[in-house]
Amino acid sequence: MSEKILAVAAGHEITEQELNHLISNYPPEQQIYMSSPQAKQQVLDQLIAFHLFHKMAVEEGITKSKEYEELVEKVKVELASHMAATSVVEGIHVSEDDERKFYEEHQEDFQEKAQVRAKHVLVETEGQANQAAEEISQGLGFSEAAAKYSTCPSKEKGGDLGWFGKGQMVPEFEKAAFEGETGKVIGPVKTQFGYHLILVEDKKEGSVRPFGEVQAQIHQQIVQGKQQEAYNAKVKELEAAYGVERREW
């Protein structure tokens, strides 16, 4: 069965196979878009223009120019070098045992740090902090207290600071938040910014991400490492075989 011809440009028959081959070179997310008739027509128009310009290049002698021949030779060298380098690093195998060993030896890389989610009320004096704490103890919502008293921009969100880990807050605040009891108002806590009332809403203990969650990441990391080792070793081998003279520049 003959291939379906979609257009003829400067005597060249553009087939459906040629169009599909070009589309296959696009990134996967773009290939989905290319499935529509409108997108395929745009690609076909590109192919038509491509062959028209090629015909122009031949007729105007561009393909016989010195510049063209130099570019072709450069592309040949780059392509051959790329294919040779690819042959050195392709086909590297990584087993699940390799991945698990890497996981066990690099636990710190997959550590999720402890975090706290908290709200706070920031005021200038300890007296103001105690007054706010008293109103909260009498039934004023913590978010309402933040909106009423706090000088921190977080007052617009009821004092909510979201999740934070160690090292993100000033030491006094951090210590109180991480050591404080969830659901209980802590403070006043003095820092360089003033006096804080803190409400710890939730905590996440530090943990190591499970192997299954990071296996693909580990696989890629090991493959890249082995590829780099193979590449470096081959370069040294080729230097010894063909010779390299490095000069000052």
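Which residues line the second largest pocket? I took this as the opening entry, working from a predicted model, and I found the lining to be made up of Asp-98, Lys-101, Phe-102, Glu-105, Gln-221, Ile-222, Gly-225, Lys-226 and Glu-229.

**Entry: the second largest pocket**

I noted that about 160 Å³ of space lies in this second largest pocket. When I looked up where its lining comes from, I saw that helix H5 (96-105) and H9 each supply at least two residues, and that the largest share, five residues, comes from H9. Sorting the lining of the second largest pocket by class, I wrote down two nonpolar, two polar and five charged residues.

**Entry: H5 against H9**

I then turned to the two helices themselves, and recorded that the axes of H5 and H9 come within 9 Å and cross at roughly 105°. Because angles of 65 to 115 degrees count as roughly perpendicular, H5 is roughly perpendicular to H9. On the H5 side of the contact I listed Glu-96, Asp-98, Glu-99, Arg-100, Phe-102 and Tyr-103, which meet Phe-211, Val-214, Gln-215, Ile-218, His-219, Gln-221 and Ile-222 in H9. By class, I have this contact of H5 with H9 down as six nonpolar, three polar and four charged residues. Going back to the pocket, I saw that Asp-98, Phe-102, Gln-221 and Ile-222 appear both in this contact and in the lining of the second largest pocket.

**Entry: H4 against H9**

How do H4 and H9 pack, and at what angle? I found helix H4 (residues 66-89) and helix H9 (residues 211-242) packed at an angle of about 125°, with their axes 8 Å apart, and I therefore entered the pair as oblique to each other. I also noted that H4 passes H9 in a right-handed crossing. The residues I wrote down for H4 are Ala-85, Val-88 and Val-89, and those they meet in H9 are Gln-227, Ala-230, Tyr-231 and Lys-234. By class, the contact of H4 with H9 has five nonpolar, one polar and one charged residues.

**Entry: the largest pocket**

Last, I looked up the largest pocket, for which I recorded a volume of about 180 Å³. I listed Ser-81, Ala-84, Ala-85, Val-88, Tyr-231, Lys-234, Val-235 and Leu-238 as its lining, to which H4 and H9 each supply at least two residues. Ala-85, Val-88, Tyr-231 and Lys-234, which I had already entered for the contact of H4 with H9, are thus on the list for the lining of the largest pocket as well. By class, I counted this lining of the largest pocket as six nonpolar, one polar and one charged residues.

Conventions. Residues are numbered from 1 along each chain as its sequence is written. This is a predicted model: local features need pLDDT of at least 70, side-chain atom pairs count only at pLDDT 80 or more; totals for chains, interfaces and linings use all residues. Side-chain values use heavy atoms; hydrogens and water are left out. Axes are lines fitted to C-alpha atoms, for helices over the stretch in contact, and angles run from 0 to 180 degrees between N-to-C directions. Helices (H or I, at least four residues) and strands (E, at least two) are DSSP runs, numbered from the N terminus. Angles under 35 degrees count as roughly parallel, over 145 as roughly antiparallel, 65 to 115 as roughly perpendicular and the rest as oblique. A crossing is left-handed if the near helix is turned anticlockwise from the far one by less than a right angle, and right-handed if clockwise. Contact means heavy atoms within 4.5 Å. Ala, Val, Leu, Ile, Met, Phe, Trp, Tyr, Cys and Pro count as nonpolar, Asp, Glu, Lys and Arg as charged, and the others, Gly among them, as polar. On a 1 Å grid over the protein atoms alone, a cavity is a set of points where a 1.4 Å probe fits but cannot get out, and a pocket is an open set with protein on both sides within 12 Å along at least five of seven lines; lining residues have an atom within 4 Å of a point. Grid points are joined across faces, edges and corners, and a volume is the space filled by probe spheres set on the points.
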